[in-house]
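Got the viewer open? Here is a short tour, one selection at a time.

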Amino acid sequence: MLRNYFKIAFRNLLKNKVYSIINISGLAIGMAATMLIGLWIYDEFNFDTHFKEKATIAQILQNQTLNGVTETENSIPRPLEFALREQYGDNFKHLVMSSWNFSKYLGYGDKNINVPGYHMQEGAIEMLELDILKGDKNGLKDTNSIMLDASTAKKLFNDENPIGKIIKVNNQYPVKVTAVYKDLPENCSFSGLEYLLTWEFLIATEEWVKNAKDSWGNNSFQLFAQINDNTSMEAVTAKILNVKKDAAENEAQFNPQMFLFPMKDWYLRNDFENGLQSGGRIENVWLFGIIGAFILLLACINFINLSTARSEKRALEVGIRKSIGSKREQLIFQFLTESFLIVCFAFVLALGIVLLSLDGFNTLASKTIVFPWANSIFWTIALVFILFTSLLAGSYPALYLSSFNPVTVLKGTFRAGRYSSLPRKILVVTQFTISAALIIGTLVVMDQIQYSKDRPIGYDKEGLVQIPVMSSEFVGKHDVMREQFIKSGGATHMTTTSSPTTNIWSNRSGYNWEGKSEDFQEEFAHTSVNYDFVETLGLNLIAGRGFSREFASDSSGVILNKTAVRYMQIQDPVGKLIRFNNPDAEPLKIIGVVDDMVVRSPYTPVKQAMYVFERYGNISFYNLRLNPNNSVSKNLELIENTFKANFPNTPFDYQFVDEEYGKKFRAEERIASLAKVFTLLAIFISCLGLFGLASFVAEQRTKEIGVRKVLGASISQLWLLLSKDFITLVVIALVIASPLAYYIMSDWLQKFPYRTSVGWDVFMLACIGALVITLITVSFQAIKAATANPVESLRTE
């Protein structure tokens, strides 16, 4: 019997080739899109699963409250480590102090490469489960030791054994290679761990780190922890909550509260608002999960609509089967078998689409997803997916077709009822409501990105280059290098900064000024800069001037941004003093005010910032304004030659500031690109179903069209006759989708302090687009039917 069901199902597919192609291709595209989204979601949830002890690993964060607003910071003071070891050491398997991810120059022989990595304490090896390929498993026990990942070792040593070799860090410090570990995967939080230097090495080579040993106010470090198996994150957090507050009286005003942030939340749930977790990438996961479900639903709606629309052609078959004894359950099973067969064909086609498009999808999503051929879980899910899709697509047609009365059918009096098309119309409206909502949503996302890109950023990022110079060999050479760079003709201006132009690496507090209230808790973004800072970055001076060699007193000067002046509530700021809480420290004199620079997220307000004159060798970047009279390549060549003449053993690395700023939009642009692709697929699937229904309607009304043509109806009248019902359905869908999309996207925009609004032009564009697509889809069949020879359609009469 089962074989007979499959045979009949296969014959029906061959008999109705056009509808079979529409059904199978629509389902295949829908299933392929859903599979791609499913693989993307699986990869997102698989982040950091490389670590077997993931459930016990955490980073220690702190909440601090300034003027009633609680901010969550992942930077902590160095004394916290000592307090936790002394008071709560029995709760931790490992406590690991760490630097931030810094790139350093690693040199061996004539090779010198720029490599990202960390300074960490010895417990990192076990906590991060480093797979040691060569060397000592305790490779961080000596201060001047370094561990390399396999790729970095290959770059430096080729096939030579690196163990025991001496390499130079930043052309200064000799360290011994003690181990080589397997590269960490891309989808983990420590994928940038290409070298591992000791924590003790950082203390020995950086005076400021050594001096931070007892400073609870210097939040410049990271602290990772692995808790013991006999405790929990919540229990340890409850114990360490007030450890900083109790130990540092001066910090109590900020109500610092320490807590464990589990590794399982680092990637997907890393957004905080007023001290509480507020989401993160998990929102995008749910968003695309819903989009995937909708796309599959659209494909299933096509199947349902086309199956029920052609019910009259299957009515006689149902009548005969019932008259010779077939039970309704058997008919339902037969139609579900047809559905299952179509879904199986569609699934095979979908696999082919996924395999062909996976590389492009990886590029679009910035992923390295590999098709899980050997993953039994995937194939189990795929089987469930096929069965679920078969039931979703086939249940209603099976129940509907099997309900026909055999007497009515066999007497030849069966006709679809007046309201038989109502379910199909509802489904078409549902399809285009979803499609229209996706169109509107995608347009709003693109509009928000463009709105933020058009935001004034306070400086001229075009033609601006920054060169990392985080080594003591660059200290004190600013004036010499500035003169040589300008003399080479490659640059017109140069300055140095302690932070990149597109970020803030330091925040400072502990200041007083005239008019400051006693209970005001201040904090400023802090950057050390040099002469020509204003000119090089192309800043807009609102008041005062920039740092100048003409004024010796500028060494104790400070430039504020516009937000800082408002924040401090001072009038006529130029010439006024900012004093430190330490009475022995020389006060800072405000010499200028510049427009706000957007240096962090382009979606958030600019933070109050101060730019102080660099006096202590605190430089991290050379910033150069390229010569506009030369080509970019010519400028870079001149700058590189000058750089190499002075630092022959240091690689010439540079970054275009406009490109660095553009990276801030990558996450949203990636989401927008994915949304565009899946929206287009949703529209295509909806149009495929509409095309099939239009074909059916045209076929059903062939004789009516022939009679109307004989009686003088024009092609345009016949086109309108066949198209108006579909246009009406799409208009209804747009009326439903518009307020729905407005509500959802307005809520989505609330997470951006700097945001656009959902304007009428978005809805106008979406509506016009949907109607044009509908007309193009329906018109092909309508015009084909209207131009057909009426003699052919009326011949049987």
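One definition before the first stop: a nonpolar patch is built from Val, Leu, Ile, Met, Phe, Trp or Tyr residues that have over 30% relative accessible area and no salt bridge, with side chains joined within 5 Å. Also keep in mind that this is a predicted model.

**Stop 1: a nonpolar patch**

Select Trp760, Met764, Ile768, Val772 and Ile776 and turn on the surface. Together they make a nonpolar surface patch of about 560 Å². Now pick out Ile776, which sits in helix α24, residues 760-786. Is Ile776 buried or exposed? Its relative accessible area is 59%, and exposed means over 50%, so Ile776 counts as exposed.

**Stop 2: two packed helices**

Keep α24 on screen and add helix α15, residues 422-453. In general, a pair of packed helices is described by the angle between the axes and the distance separating them. Here α15 and α24 pack at about 135°, and their axes are 9 Å apart. What does that angle make of α15 and α24? Angles over 145 degrees would count as roughly antiparallel, and 65 to 115 as roughly perpendicular, so α15 and α24 come out as oblique to each other. If you want the handedness too, the crossing of α15 and α24 is right-handed.

**Stop 3: salt bridges**

How many salt bridges does the structure hold? The count is 23, and we'll visit a few of them.

Start with Lys367 and Glu44. Their closest N and O atoms are 2.2 Å apart. Lys367 is in the loop between α12 (328-365) and α13 (376-401), while Glu44 belongs to helix α2 (residues 17-45), so this pair ties together parts that lie 323 residues apart in sequence. Color by accessibility and you'll find Lys367 buried, and Glu44 buried as well.

Next, select Lys461 and Glu462, whose side chains meet in a salt bridge at 3.8 Å, N to O. Lys461 has 21% relative accessibility and counts as partly exposed. Glu462 is partly exposed too, at 45%.

Then move to Arg545 and Asp554, a salt bridge with its closest N and O atoms 2.7 Å apart. Which side of this pair is buried? That would be Asp554, with a relative accessible area of 1%. Arg545, at 25% relative accessibility, counts as partly exposed.

From there, select Asp479, Arg482, Asp532 and Arg549: salt bridges with shared partners join these residues into one network.

**Stop 4: a closer look at Arg549**

Stay on Arg549 from that network. Where does Arg549 lie? Look in the loop between β21 (541-544) and β22 (557-561). Arg549 is partly exposed, with 40% relative accessibility. Now draw a distance from its C-alpha to that of Lys634, 85 residues away along the chain: the two atoms are separated by 30 Å.

**Stop 5: positive phi without glycine**

Finish with two backbone oddities. Go to Asn274, in the loop between β14 (271-273) and β15 (276-279). Asn274 has a positive phi of about 55° although it is not a glycine. With 48% relative accessibility, Asn274 counts as partly exposed.

The other one is Asp572, found in the loop between α18 (562-568) and β23 (577-580). Its phi is near 45°, again a positive value in a residue other than glycine. Asp572 is exposed, with a relative accessible area of 65%.

How values were computed
Residues are numbered from 1 along each chain as its sequence is written. This is a predicted model: local features need pLDDT of at least 70, side-chain atom pairs count only at pLDDT 80 or more; totals for chains, interfaces and linings use all residues. Side-chain values use heavy atoms; hydrogens and water are left out. Patches are made of residues with over 30% relative accessible area and no salt bridge: like charges are joined within 9 Å, nonpolar side chains (Val, Leu, Ile, Met, Phe, Trp, Tyr) within 5 Å. Accessible areas come from the Shrake-Rupley method with a 1.4 Å probe; for residues, only the protein chains shown count as cover. A salt bridge is a side-chain nitrogen of Lys or Arg within 4 Å of a carboxyl oxygen of Asp or Glu. Helices (H or I, at least four residues) and strands (E, at least two) are DSSP runs, numbered from the N terminus. Buried means under 20% relative accessible area, exposed over 50%, partly exposed in between (1.4 Å probe, protein chains only). Axes are lines fitted to C-alpha atoms, for helices over the stretch in contact, and angles run from 0 to 180 degrees between N-to-C directions. Angles under 35 degrees count as roughly parallel, over 145 as roughly antiparallel, 65 to 115 as roughly perpendicular and the rest as oblique. A crossing is left-handed if the near helix is turned anticlockwise from the far one by less than a right angle, and right-handed if clockwise.
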